[in-house]
Amino acid sequence: MMPLPAITPGNRLAALGLGYLLFCLCYLGSHALAYTRARYLPLTALDALIPAWPASLWLYLSQFVLLPLAFMLERDSLRLSRAYYAMLAATVISCAIFLVWPTTVGQEMRAIGGWTQQAWHWFYELDVAGNCFPSLHVSLASLAAWLLAGRGGIWHLLAPGWAALIVLSVLTTRQHRLVDVLGGLCVAALCLRLAGTKPRLAC
């Protein structure tokens, strides 16, 4: 088996750029090429117990800070590689599910005004509506938190807490249902375990 390139402090910026490009291609491509029309996921009684909070969109979007921050602070190549390839695997697995079994919750949230309303407008313009189960947002936030928490110190508590708020925000923004969150957590755990088998890395 051909060894995978190691992700190191020296090449992590290029790796992040390539990873984000792959994410965009898979995420948007699975929506465009979906096997069937997206199935609507109704709000269950359990989902309804979680209040809607439009302003939590900012928490939701903070994942785009958490993920690069985790990579930029980590210095251990093995942990960088494990997190990186776990994230790539989570993206590929999730987008394969989006392709054959697309699901949607629609566009349900509206803010009253101000910057939050404008953020929602931009978000709905850029996002796609058929990639709900499993929540890739939850998977990637969880994996980034695992990487950042490994630094110890304050990050041991701050990183999981930050990820937990992001996970909660996918529900309070009505972008996902509880079943999506559970699916995203399962995908993250599976991919981290697969990456933990220490694939051969080309240093």
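1. Starting with overall size: for 203 residues, a compact globule would have a radius of gyration near 17 Å, and the protein comes out at 17 Å, so the two agree. Keep in mind that this is a predicted model. Along the principal axes, the C-alpha trace spans about 50 × 40 × 30 Å.

2. On the fold, you'll find nine helices and four strands. Going along the sequence, the order is β-α-β-α-α-α-α-β-α-α-α-α-β. If you take the contacts with a separation of 6 or more, 89% of them join residues 24 or more positions apart.

3. Next, burial and surface. Of the 203 residues, 43% count as buried. The accessible surface is about 10,800 Å², and carbon and sulfur atoms own 71% of that. As for charge, there are 13 positive and 7 negative side chains, with the centres of the two sets 9 Å apart.

4. Now the annotations, which come from an unreviewed UniProt entry. The record puts "domain: Inositolphosphotransferase Aur1/Ipt1" at residues 62–191. In the model, that span is 72% helix and 2% strand, and its end C-alpha atoms lie 22 Å apart.

5. The unreviewed UniProt entry also lists "transmembrane region" at residues 50–71, 83–101, 153–171 and 178–196. How much helix does the model have over residues 50–71? The answer is 64%, with 0% strand, and the end C-alpha atoms of that stretch are 32 Å apart. Residues 83–101 come out at 95% helix and 0% strand, with 26 Å between the end C-alpha atoms.

6. Two backbone details to look at in your viewer. The peptide bond from F133 to P134 is cis, with omega near -5°. P134 sits in the loop between α6 (114–126) and α7 (136–149). The other detail is R174, where phi is near 60°, a positive value in a residue that isn't glycine.

7. Staying with R174: this residue belongs to the loop between α8 (155–172) and α9 (178–195). Is R174 buried or exposed? Its relative accessibility is 9%, and buried means under 20%, so R174 counts as buried.

8. Y27 is a handy place to look at contacts between parts of the chain that are far apart in sequence. Y27 is found in helix α1 (residues 12–32), and at 14% relative accessibility it counts as buried. Which residues does Y27 touch, leaving aside neighbours within four places in sequence? They are C95, F98, D127, V128, N131 and L136. One of these, L136, falls within the range of α7 (136–149). The C-alpha atoms of Y27 and G130 are 9.8 Å apart, although the two residues are separated by 103 positions along the chain.

9. R193 makes a good contrast with R174. R193 lies in helix α9, and with a relative accessible area of 67% it is exposed, whereas R174 is buried at 9%. From R193 to I93 is 14 Å, C-alpha to C-alpha, with their positions 100 residues apart in sequence.

Key. Residues numbered from 1 in each chain as written. Predicted model: local features only at pLDDT ≥ 70, side-chain atom pairs only at ≥ 80, totals over all residues. Heavy atoms only, no water. Rg over C-alpha atoms; globule rule 2.2 N^0.38 Å. Buried < 20%, exposed > 50% of the residue type's maximum accessible area, 1.4 Å probe, protein only. Contact = heavy atoms within 4.5 Å. Areas by Shrake-Rupley, 256 points an atom, 1.4 Å probe, with all protein chains shown as cover. Lys, Arg positive; Asp, Glu negative; His and termini not counted. Charge placed at Lys NZ, Arg CZ, Asp CG, Glu CD. UniProt positions renumbered as here; feature names shortened; annotations may be inferred.
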